Structures are given as C-alpha cells and as structure tokens.
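Biologist: I would like a close look at one part of this model. Please start with the whole chain, then zoom in.

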Amino acid sequence: MSNIGMMDGAFFVGRKEIVDWINQTLQINISKVEQTCSGAIACQLLDVMYPDKVPMHKVNWGAKQEFEYIQNYKVLQTCFTKLHIDRHVDVDRLIKGRYQDNLEFMQWFKRFFELSVQDIGDYDAPGRRARGKGGAQYNSSSLGRATGGSSAGEKSRGRIAAPPARPNPTKPPVGEKKAKLATSSSAPSTARDIPAQPTESAVVVDTASQEEIARLTSEVERLSAAQEDMQAEMTGVEKERDFYFEKLREIEMLLQDLEEKGEGTELTGKIFDILYATAEGFQPADDVVEPEGVENMEIPEPAQEGAEETY
C-alpha cells in the first residue's frame with residue numbers, strides 16, 4: 001500500500017468522518033482520533049481486513065503507558081510484515097498521542113481498508129476485542145459512554161418533572177397559632193424559609209435563557225469541529241505546497257548543473273524562463289527599489305592621494 005501517497009485524497013478526510021468510520025466499523029464510541037494512539041484500534045481494523053491473522057489475545061486494550069502502546073504496535077508491525085504490507089509505522093510519534101500524527105495514520109488506514117474490504121460480513125467486533133487484555137472492560141466502558149447521555153437525560157427529566165412537596169394542610173391548634181403570631185416580630189427569618197412561588201413571566205424568562213444557552217453551546221461545538229477540520233485541511237495544503245516546491249527546486253538544480261557543464265540547450269533556457277517568470281505586479285523581495293531622484297544625484301569623487309587641500 002505504498003502507493004497511497006501524501007497527495008492522495010485519503011489525507012484530506014476530516015476528523016469527524018474518521019471518528020465516525022472507526023465507531024461504526026468496530027462498534028465502539030471514541031470521540032477523538034488521539035484515542036487511537038495505543039495501537040489497539042489499528043490492530044482490530046487489520047483483524048477486520050484479515051480475519052484470524054491478528055493475534056487479538058496479545059492486544060492490550062487497557063494500555064495506559066507508552067511502553068504498553070509499543071507492545072501493541074509490535075503486534076501490528078509483525079502482522080504487516082507477515083501480510084507483506086509495505087507501510088512504515090512511526091511508533092515514536094504515534095504513542096505521543098498528538099492529533100496530527102494519529103489523524104494521518106488513520107486517514108491512511110481508512111483508505112487502505114476501503115481498497116481491501118468490500119463487506120465485513122458478520123464480524124463480531126466486541127467478541128474479538130474481548131479476547132485481548134482488558135477487552136471486556138473496554139467493551140463495558142464503551143457501551144457505558146454510548147448510553148450515558150440518555151440515562152443522564154432521563155434523570156434530569158425526572159428531577160424537573162417531580163412536583164414540589166406541599167405543606168401539611170392540617171390547621172394548627174389555636175394555642176400554637178397564637179404563639180406563632182406572638183413571635184413573628186422577633187423571628188423575621190422564618191418568612192424566608194418559605195419558597196416563593198415563581199411567577200409565570202419568570203418561568204418564561206428562565207426557559208428562554210436555557211434555550212439560548214443550549215443554542216450557543218451547540219454553535220460553539222459546531223464551530224470548534226469546523227476549526228479542527230479547517231486546520232487539518234490547511235495542514236494538507238501546506239504539505240502539498242512543500243511537495244511541489246521541492247520538485248521545482250530539484251528541477252532548478254538539475255538545469256543549473258547542465259548550464260555549469262556547458263550542456264545547456266535552448267530547451268533549458270525556456271524552462272528557466274518559466275521557472276523565473278513572475279506574475280503581473282509581483283516584485284521579488286531581493287530587488288532593491290531606489291528612491292525617486294537618486295539616479296540624478298551627483299556623487300563627489302574621492303580626493304586623490306597627495307592632492308593639496310584648500311580651506
């Protein structure tokens with residue numbers, strides 16, 4: 001799969017699409033590509049592509065430290081070698097958990113997967129994962145994250161719907177009532193203990209504020225995701241720019257060598273013209289523009305040695 005180069009469309013796929021593809025394929029619930037840095041997910045993706053070729057019992061799903069990640073990548077690299085997959089895995093960079101390194105590796109993996117697999121059939125992702133170290137716990141935590149939002153929502157709705165406790169409508173005895181009236185002036189704080197019933201306008205304002213907060217929160221999440229996708233696209237554009245610049249630089253050096261050896265031709269001259277041509281209105285940075293009128297200034301000649309000085 002060495003033919004999947006950096007200019008392949010696979011390396012322009014966004015973060016969200018990569019995360020959704022991993023979650024759907026492996027039936028898990030990750031939220032960031034950095035969570036693939038342990039190497040366990042890459043091992044299982046390869047297991048989907050080549051059933052029973054990956055020793056899943058050696059994959060550590062509970063890995064937390066870099067030395068544990070390295071063991072997973074050793075399993076992956078060994079399988080690459082046995083399956084004749086020509087792909088270098090930069091383990092030292094991946095285990096650091098940096099966004100860009102893991103994104104590019106998963107972009108390549110997604111493209112490799114799509115070129116190799118038509119249908120995963122009845123692949124039992126949780127069952128295969130459970131064979132590895134900590135796989136069962138990983139399955140449980142993944143399912144917990146997937147359902148945690150709905151259960152929290154149900155709890156929240158239950159609290160909102162719960163009616164407030166009503167005071168006991170039983171009338172107090174006459175003597176007790178008189179005692180309360182007698183001490184009301186000396187204990188004004190008791191009135192604050194009784195919660196005031198919210199007015200209808202206050203309820204409307206509170207509901208509108210919550211809706212506005214929810215809308216703004218959703219907008220912030222959308223813009224954050226768009227920023228990450230734009231950053232990834234910008235990185236890809238910069239790599240493409242550097243790639244073509246290096247090619248042009250190599251061509252320039254080759255032509256300069258030919259000129260120095262006296263082997264230049266009319267064709268090399270035309271290529272140089274194309275390389276050094278500038279767009280209209282563009283001025284190279286190393287061109288010095290002299291101020292207006294400098295060319296008409298008279299520069300005095302230096303005095304000759306031994307000439308008599310007059311004062």
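Biologist: How much area does the chain expose, and what share of it do carbon and sulfur atoms supply? After that, take me through helix α2 (residues 40-49) and its packing.

Modeller: The chain exposes about 22,800 Å², and carbon and sulfur atoms supply 55% of that. Areas here are Shrake-Rupley values with a 1.4 Å probe, and for residues only the protein chains shown count as cover.

First, the ground rules. This is a predicted model, in which local features need pLDDT of at least 70 and side-chain atom pairs count only at pLDDT 80 or more, while totals for chains, interfaces and linings use all residues. Residues are numbered from 1 along each chain as its sequence is written, and side-chain values use heavy atoms, with hydrogens and water left out.

The chain has ten helices and zero strands. Both are DSSP runs numbered from the N terminus: helices are H or I with at least four residues, strands are E with at least two. Of the 311 residues, 25% are buried (under 20% relative accessible area; exposed is over 50%, partly exposed in between; 1.4 Å probe, protein chains only). Contacts (heavy atoms within 4.5 Å) reach along the sequence: among those between residues at least 6 apart, 65% join residues at least 24 apart.

Now α2. Take its packing with helix α3 (residues 66-82): the axes lie 8 Å apart, at an angle of about 30°. Axes are lines fitted to C-alpha atoms, for helices over the stretch in contact, and angles run from 0 to 180 degrees between N-to-C directions. The two helices are therefore roughly parallel (under 35 degrees; over 145 is roughly antiparallel, 65 to 115 roughly perpendicular, the rest oblique). From α2 come A40, A42, C43 and L46; from α3 come N72, V75, L76, C79 and F80. By class, that contact holds eight nonpolar residues, one polar and no charged. Nonpolar covers Ala, Val, Leu, Ile, Met, Phe, Trp, Tyr, Cys and Pro; charged covers Asp, Glu, Lys and Arg; the others, Gly among them, are polar.

Next, helix α5 (residues 99-116). Its axis and that of α2 come within 10 Å and cross at roughly 10°. That makes this pair roughly parallel as well. On the α2 side, A42, L45, L46, V48 and M49 make the contact; on the α5 side, F105, M106, F109, F112, F113 and S116 do. The tally is ten nonpolar, one polar and no charged.

A42 and L46 of α2 appear in both contacts.
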